[in-house]
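Take a moment to look over the fold before reading on. Then follow the paragraphs below from one element to the next.

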Amino acid sequence: MTSTAVPATVLVDGGYELAEGGRWVDGRYVYVDILSGRLFELRDTTGPAQLAGLDVTLGAVAPVADRPGTWIAAAGTGIALLSADGTPEWLDRPEDRTPLPSRMNDGVADPAGRFWAGSMAYDGTRGAGSLYRTDPDGTVVRVLDGLTIANGPAFTADGTTMYLADTAVGTILRCRVDPVSGDLTDGPEPFARLREAEGSPDGMTVDEEGCLWVAMWGAGAVRRYQPDGRLLHTLAVPAPHPTSVCLPPGDNRLLVTTARYGVTNPTAASGAVLSVPVPVRGTPACSWRDRR
């Protein structure tokens, strides 16, 4: 295992309370500011532009196939479609039916066209979070419960393996997925367990070589793991709370969102979008396929 501190470029200054959910979509970088309910895009030739603003929290989005400007979103207490003007069409609000005040958190579309998103209780109650799958027919299914802060779903290119972080308990889980049905065929099983001093696993992505990159909340670092769970590399970043990682397919850089939330003395890198040179590339975000 190697560890390096590579100079990071601040692409967007630290104006976000809890930036998260960075994805590469149609040649641009898309991310959210969870607590303010805002969706942004960043292109290489321009600064950030707001695409939508909700009156509820916004955990993550994925593009909707064949519907430019439309997104499926983990927002508020459920799953919604966001039109080009940001108006939500709710598919379901399952967290309205839970005993504790809760919200949706991170989410991602898989290669088969489903959308997966986790949830958490506002007070961080242990075991109160869940993982949901939204199928192409619009049905929202609870797949796992007993989680605390479900974060960073990430899929391998063939869609048969899903990684899921339970941030609050310092565990990265691995599940085998049937790409046809979306059912879990094995797991969840522990992929990595982190000690408190190592930080907490947050947003994740899989690179072109099948390795897993993990933002380490509280540690100011990003980790890269081999598919067998071996830690390959730790990359230091200039912010204590990195929240998501994205590897664009066109160049060798890692895009990292960070948070000002919980930082006593924030700098321009806290609550920012960072760019760090790396030796590998990623893949574009998958889309949710609306078959309703």
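A residue is called buried if its relative accessible area is under 20%, exposed if it is over 50%, and partly exposed in between (1.4 Å probe, protein chains only). Keep that scale in mind. This is a predicted model: local features need pLDDT of at least 70, side-chain atom pairs count only at pLDDT 80 or more, and totals for chains, interfaces and linings use all residues. Residues are numbered from 1 along each chain as its sequence is written, and side-chain values use heavy atoms, with hydrogens and water left out.

Start with a sheet. Strands here are DSSP runs of E, at least two residues long, numbered from the N terminus. Two strands pair if DSSP finds at least two bridges between them. One open sheet has 4 strands in the order 3-4-5-6, and the pairing is antiparallel. Why do strand 3 and strand 6 each have one side without a neighbour in the sheet? Strand 3 (19–25) and strand 6 (49–53) stand at the edges with a single partner strand each, so one side of each stays free of a neighbour in the sheet. From one strand to the next, the twist averages 25°. The axes behind such angles are lines fitted to C-alpha atoms, and the angles run from 0 to 180 degrees between N-to-C directions.

Now look at strand 5 (residues 38–42). Strand 5 and strand 6 run antiparallel and are joined by 4 bridges. Glu41 has Ala49 of strand 6 as its bridge partner. Glu41 also forms a salt bridge with Arg28, with the closest N and O atoms 2.4 Å apart. A salt bridge needs a side-chain nitrogen of Lys or Arg within 4 Å of a carboxyl oxygen of Asp or Glu. Glu41 lies in strand 5 and Arg28 in strand 4 (residues 28–33), so the pair ties together parts that are 13 residues apart in sequence. Glu41 and Arg28 are both buried.

Which other salt bridges can you find? A search of the whole structure gives 19 salt bridges. One of them joins the side chains of Arg174 and Glu189, at 3.0 Å from N to O. This pair links distant parts of the chain: Arg174 is in strand 17 (residues 171–177) and Glu189 in strand 18, 15 residues apart. Arg174 is buried, with a relative accessible area of 13%. Glu189 counts as partly exposed, at 27% relative accessibility. Arg195 and Glu198 also meet in a salt bridge, 3.7 Å from N to O. Is Arg195 buried or exposed? Arg195 counts as exposed, at 59% relative accessibility. Glu198 counts as buried, at 17%. Elsewhere, salt bridges that share partners join Asp110, Arg114, Arg133, Asp135 and Asp183 into one network.

Arg133 has another contact. Its charged end sits over the ring of Trp116, 5.9 Å from the ring centre. That description requires NZ of Lys or CZ of Arg to be within 6 Å of the ring centre and within 35 degrees of the ring normal.

Rings also meet rings. Rings of Phe, Tyr and Trp (its six-membered ring) pair if their centres lie within 6.5 Å; planes under 30 degrees apart count as stacked, over 60 as edge-to-face and the rest as tilted. How many aromatic pairs does a search of the whole structure find? The search finds 7. Tyr31 and Phe40 form a stacked pair, 5.5 Å centre to centre with 15° between the planes. Tyr31 and Phe40 are both buried. Tyr163 and Phe191 form an edge-to-face pair, 4.9 Å centre to centre with 65° between the planes. This pair links distant parts of the chain: Tyr163 is in strand 16 (residues 161–166) and Phe191 in strand 18 (residues 184–193), 28 residues apart. Tyr163 and Phe191 are both buried. Ring pairs also link Tyr16, Tyr29, Tyr31 and Phe40 into a cluster.

Finish at strand 24 (residues 253–258). In this strand 6 of the 6 residues are buried, so strand 24 is largely enclosed by the rest of the structure. In a regular strand the side chains alternate between the two faces of the sheet. Arg253, Leu255 and Thr257 point one way from strand 24, while Leu254, Val256 and Thr258 point the other way. Strand 23 (residues 242–246) pairs with strand 24 in the antiparallel sense over 4 bridges. Val245 stands opposite Val256. Strand 23 and strand 24 form a hairpin with 6 residues between them. Strand 24 also pairs with strand 25 (residues 273–277), antiparallel over 5 bridges. There, Val276 is the bridge partner of Leu254.
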